[in-house]
Amino acid sequence: MRGIFLNRASHALGGPYTLIDTHGHTVTESHFQGRYTLIYFGYTHCIDVCPLTLETVTQALDLMGKEAHRIVPLFITVDPSRDTPGVVADYVSHFSPDIVGLTGTESQIQTVIKSFHVMARRRGTSADRISSDYLMDHSSVLYLMDGDNRLMSVLPVDTSPQEIATRLRRLVAAS
């Protein structure tokens, strides 16, 4: 049953994307061809879930040791109006030099959000629209993609670093 779900999900989740890295360079999914990616969607002004998740991912990859080199952790913003390449670079540097931070235009971000079925919306009323001090509501899971950018697994973000490391080892070894 799990295989059927993953086969269906792999065709329905993810897809091609064009984003901008922390150096202002264009990045597509093909940049990670042949490598696993562990993708997290969040934003730099998040006060709780995003920093906890990136710290958990960092710890899980540290626990994996040498095996972690096969997995590229990606942080993709859901808030491109505030999360410029420089802001994202500063943010991900607080967690790990291995995390690839990605942003883009509103259109680019909306395309990748839709392809991964991520829910993301600015919180607040219409009067709050002029403020730059706002929160974003967004779904929060980790997507493990294979070297061909196909979904392998969706991992809950409230999983311990040890459990994530164990599951990643198992999934990467099995493919």
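Here a biologist and a modeller talk through the cavities, rings and strands of a predicted model.

Biologist: Let's start with empty space. How many cavities of 30 Å³ or more are there?
Modeller: Rolling a probe the size of a water molecule over the atoms shows where empty space is left. In this predicted model, the count of cavities of 30 Å³ or more comes to two.

Biologist: What volume does the largest cavity have?
Modeller: Its lining includes Tyr17, Phe32, Arg35 and Asp148. The space inside the largest cavity comes to about 50 Å³.

Biologist: And by class, what lines the largest cavity?
Modeller: Among the lining residues are Glu29, Gln33, Thr37, Asp146 and Asn149. Asp and Glu count as charged, while Gly goes with the polar ones. Sorted that way, the lining has two nonpolar, four polar and four charged residues.

Biologist: Which element gives the most to the lining of the second largest cavity?
Modeller: That cavity holds about 30 Å³ of space, and its lining is Leu38, Tyr40, Leu54, Val57, Pro73, Leu74, Phe75, Ile99 and Leu142. Strand 3 (36-42), helix 2 (49-64) and strand 4 (71-77) each give two or more residues. With three residues, the top contributor is strand 4.

Biologist: How many nonpolar residues does the second largest cavity have in its lining?
Modeller: Leu, Val, Ile, Pro, Phe and Tyr go in the nonpolar class. The lining has no polar and no charged residues, and its nonpolar count is nine.

Biologist: Phe75 turned up in that lining. Is its pair with tyrosine 91 stacked, edge-to-face or tilted?
Modeller: The structure holds five aromatic pairs. In this one, the ring centres of phenylalanine 75 and tyrosine 91 are 5.4 Å apart. Planes under 30 degrees apart would be stacked and over 60 edge-to-face; these sit at 45°, so the pair is tilted.

Biologist: Where along the chain do those two residues lie, and are they buried or exposed?
Modeller: Phenylalanine 75 is in strand 4 and tyrosine 91 in helix 3 (residues 85-93), 16 residues apart, and the pair links distant parts of the chain. As for accessibility, both phenylalanine 75 and tyrosine 91 are buried.

Biologist: What about phenylalanine 116 and tyrosine 143: how many residues apart in sequence are the parts they tie together?
Modeller: Their rings are edge-to-face, 5.1 Å centre to centre with 65° between the planes. Phenylalanine 116 lies in the loop between helix 4 (106-115) and strand 6 (120-122), and tyrosine 143 lies in strand 8 (residues 141-145), so the parts tied together are 27 residues apart.

Biologist: Is tyrosine 143 buried or exposed?
Modeller: The cut-off for buried is under 20% relative accessible area. Its partner, phenylalanine 116, has 0% and counts as buried. Tyrosine 143 has 5% relative accessibility, so the verdict is buried.

Biologist: Which residue forms one aromatic cluster with Phe116 and Tyr143?
Modeller: We've just paired phenylalanine 116 with tyrosine 143. The cluster has one further member, Phe41.

Biologist: Which tyrosine has the charged end of arginine 122 over its ring?
Modeller: Arginine 122 sits 3.6 Å from that ring's centre. Arginine 82 lies over the face of this tyrosine too, at 3.6 Å from the ring centre. The ring belongs to tyrosine 134.

Biologist: Last one, on strands. Which residue in strand 5 stands opposite isoleucine 76?
Modeller: Strand 4 and strand 5 run parallel, joined by three bridges. Strand 1 (residues 18-21) joins strand 5 (residues 100-103) antiparallel by two bridges, with aspartate 21 opposite leucine 102. Isoleucine 76 also stands opposite leucine 102.

Key: Residues are numbered from 1 along each chain as its sequence is written. This is a predicted model: local features need pLDDT of at least 70, side-chain atom pairs count only at pLDDT 80 or more; totals for chains, interfaces and linings use all residues. Side-chain values use heavy atoms; hydrogens and water are left out. On a 1 Å grid over the protein atoms alone, a cavity is a set of points where a 1.4 Å probe fits but cannot get out, and a pocket is an open set with protein on both sides within 12 Å along at least five of seven lines; lining residues have an atom within 4 Å of a point. Grid points are joined across faces, edges and corners, and a volume is the space filled by probe spheres set on the points. Helices (H or I, at least four residues) and strands (E, at least two) are DSSP runs, numbered from the N terminus. Rings of Phe, Tyr and Trp (its six-membered ring) pair if their centres lie within 6.5 Å; planes under 30 degrees apart count as stacked, over 60 as edge-to-face and the rest as tilted. Buried means under 20% relative accessible area, exposed over 50%, partly exposed in between (1.4 Å probe, protein chains only). A charge sits over a ring if NZ of Lys or CZ of Arg is within 6 Å of the ring centre and within 35 degrees of the ring normal. Two strands pair if DSSP finds at least two bridges between them.
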